[in-house]
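Reader: I am new to this structure and would be grateful for a close look at a single part of it. Please begin with that part and then set it in its surroundings.

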Amino acid sequence: MDVFLQQVLSGLATGGIYASLALALVMIYQATDVVNFAQGEMAMFATYLAWSMLNAGMSYWLTFVATLAIAFVAGVAIQRIIIRPVETAPILTIVIVTLGLLVILNSVAGWIWTYLQKPFPSPFPREPIRIGGIVFGAHDVGEIAVTLVMLALLFAFFRFTPLGLAMRAAAQNPVSSRLAGIRVGWMLALGWGLAAVFGAVAGLMVAPVLTLDPNMMGGIQIYAFAAATLGGFGSPVGAVVGGFIVGITENLVGTYVSFIGTELKLTVALAMIIVVLLVRPAGLFGRTVVRRV
Amino acid sequence: MPAILEVEALEAFYGRTKALHGVSFAMDEGGITTVLGANGAGKTTTLRAICAMIRRSGSIRFAGQRIEGRGTEDIVKLGIAHVPEGRGTFVDLTVEENLRVGAWARRAGGSVAEDMTRVFGYFPILAERRRQVAGTLSGGEQQMLAVSRALMLRPRLLLLDEPSLGLAPLIVREIFRILRAINREAGVSILLVEQNASLALDLADHVFLLETGRMVLSGTSDVLKRDDAIRRSYLGY
């Protein structure tokens, strides 16, 4: 039972990372119908910037805030400079552009920081937390807390601020939004900025576990895809719930199904994507969209 | 009375196809003007061209200010609210959120809550449904919401595109009654595009007739109601 609870908690911790990245994917997908394949690499790049700042002697939480701020600005800039010119192009063109961005960010990171793995600090204490007879990793608990705080902030932003409302309106009905005086193009750019922030949080939280290298987010991105698919690409809540479900499932299957172990864990994510697409393509929280062709 | 809107030699294009061939008209501040015409005459296009939703050329003045070089968002900020064909409802937002979106660009002061109370005064049913997702409203309620959303801008000019489309006659009459009240009480000028000519002629004080992208006739509604050609073609008696 203890092992079970520990695995669930550590599943929630990694699930939080998948949830953050999945949320980033869904935010962009909802607003623009684009799946940003470079989301993970943007997060990796932000984490490297944080690593450089930490190495320069900045405190952790200052670095944390600065990284998120840079990620936001960079996300906005990427949308305005790279994505916007191809906005009206066929979907495949945009997909290729984001794939190109993925490759570029990966190589540039390798070029600047090399492909050698770098240890990345956790802001949380090393000593595990004991509750009853069960031992939890402090980083796991901290990770869950950070994820939940970020989600609460995002929810409050979209729910209670005029800007959040304008962004939702722009994603939903661009024509009507323009007639309400909303600058839809800028709202999309803000969406990219926010998505980049969530990606950066995922990167910062996962780097202490995986150690930092340019390919760090590759696997995470696949889990995030699984999470977004499971929850439904159209549903932010679904992405978050999907992230946690994928995290827990991955951990439990890895622990209790002996032949999977740690080596085949990624396969679980891919299997989940396929099963969801076969059984319920819109995902748990998604709605089936009927389009007239 | 000063003109709120002056349009001169307005041309508009869908891709390379010219849809308006030099439309000119002016409307008085505080008035209700309607544009009549058959399907495809260019009524909707005229409204879209005023709001820069399509490529256009010619001169457009709003309250004396030239707006033909401006983008949609800027034109809206000047105080032109456009209720588009098909109502443009934000179906996943609640009624209240729809109204807040409508207030996004306004420059006039005053509280949004106060204005919301005011539009709820015009359309009490919306007050009952304020927390409901707008996609679940009936067609008539969505049209009321669309008009209300436009009013949240505190516009000087309201462009209405076929507000009667697909609605039951009783509801249409109710909406038109309130449009008149809005015009009188709030002093909002209205430019109405409408298929239902007899309704439009009853509401409007000035009428323009569009045929295949050209203005062919204009006058006060009292005079045009008695015009034989208009009666035969648009009123059907």
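Author: In this predicted model, F208(B) has S218(B) as its bridge partner in β10(B). That bridge belongs to the pairing of β9(B) with β10(B), which is antiparallel and extends over six bridges. The two strands make a hairpin, and two residues lie between them. β9 covers residues 206-211 of chain B and β10 covers 214-220, with T212(B) placed in the loop that joins them.

T212(B) deserves attention within this turn. Its phi is positive, about 35°, although the residue is not a glycine. Most residues other than glycine have a negative phi. How exposed is T212(B)? It has 13 other C-beta atoms within 10 Å and is therefore partly exposed, since a residue counts as exposed at 12 or fewer such neighbours and as buried at 20 or more.

Chain A offers a residue to set beside this one. T211(A) has a positive phi of about 65° and is not a glycine. The loop that holds T211(A) lies between two helices of chain A, α8 (184-210) and α9 (216-231). Because T211(A) has 13 C-beta neighbours inside 10 Å, it counts as partly exposed.

Chain B also contains an open sheet. Four strands form it in the order β2-β1-β4-β5, and their pairing is antiparallel. Its edges are β2 (17-28) and β5 (65-66) of chain B, each of which pairs on one side only. Strand β1, residues 3-14 of chain B, is joined to β2(B) by nine bridges in the antiparallel sense. As for single residues, E11(B) has H21(B) as its bridge partner in β2(B). Across β1, β2 and β4 (55-62) of chain B lies helix α1, residues 43-50, which runs at about 75° to β2(B).

Chain B is also in contact with chain A, and 17 residues from chain B and 15 residues from chain A take part. On the side of chain B that touches chain A, α2 (72-77) and α3 (95-102) of chain B each supply at least two residues. That side of chain B comprises eight nonpolar, four polar and five charged residues.

The partner, chain A, has 11 helices and two strands. Read from the N terminus, its elements follow the order α-α-α-α-β-β-α-α-α-α-α-α-α. The C-alpha trace of chain A spans about 60 × 50 × 35 Å along its principal axes. A compact globule of 293 residues would have a radius of gyration near 19 Å, and chain A agrees with this because its own value is 19 Å. Of its 293 residues, 46% count as buried. Among the contacts in chain A with a separation of 6 or more, 73% are between residues 24 or more positions apart.

Two residues of one helix give examples of contacts within chain A. I70(A) is placed in helix α3, residues 60-83 of chain A. Leaving aside neighbours within four places in sequence, I70(A) is in contact with A46(A) and L49(A). I70(A) and A50(A) are 20 residues apart in sequence, and their C-alpha atoms are 9.8 Å apart. With 18 other C-beta atoms within 10 Å, I70(A) is partly exposed, because a residue must have 20 or more to be buried.

F72(A) is likewise placed in helix α3 of chain A. Not counting residues up to four places away in sequence, F72(A) touches G193(A), A196(A) and V197(A). F72(A) and L194(A) are 122 residues apart in sequence, yet 6.0 Å apart in space from C-alpha to C-alpha. The 19 other C-beta atoms within 10 Å of F72(A) make this residue partly exposed.

A word on confidence completes the account. The mean pLDDT of chain B, where the hairpin is found, is 90, and 98% of the residues of chain B reach 70 or more. For the complex, the predictor gives an ipTM of 0.92 and a pTM of 0.88. Where pLDDT is low, the predicted coordinates should not be read in detail.

Conventions:
Residues are numbered from 1 along each chain as its sequence is written. Chains are lettered from A and ligands numbered from 1 in the order in which they are written. This is a predicted model: local features need pLDDT of at least 70, side-chain atom pairs count only at pLDDT 80 or more; totals for chains, interfaces and linings use all residues. Two residues are in contact if their C-beta atoms, placed from the backbone, lie within 7 Å. Ala, Val, Leu, Ile, Met, Phe, Trp, Tyr, Cys and Pro count as nonpolar, Asp, Glu, Lys and Arg as charged, and the others, Gly among them, as polar. Two strands pair if DSSP finds at least two bridges between them. Axes are lines fitted to C-alpha atoms, for helices over the stretch in contact, and angles run from 0 to 180 degrees between N-to-C directions. pLDDT is the predictor's confidence in each residue, from 0 to 100. The radius of gyration is taken over C-alpha atoms; the globule rule is 2.2 Å times the number of residues to the power 0.38.
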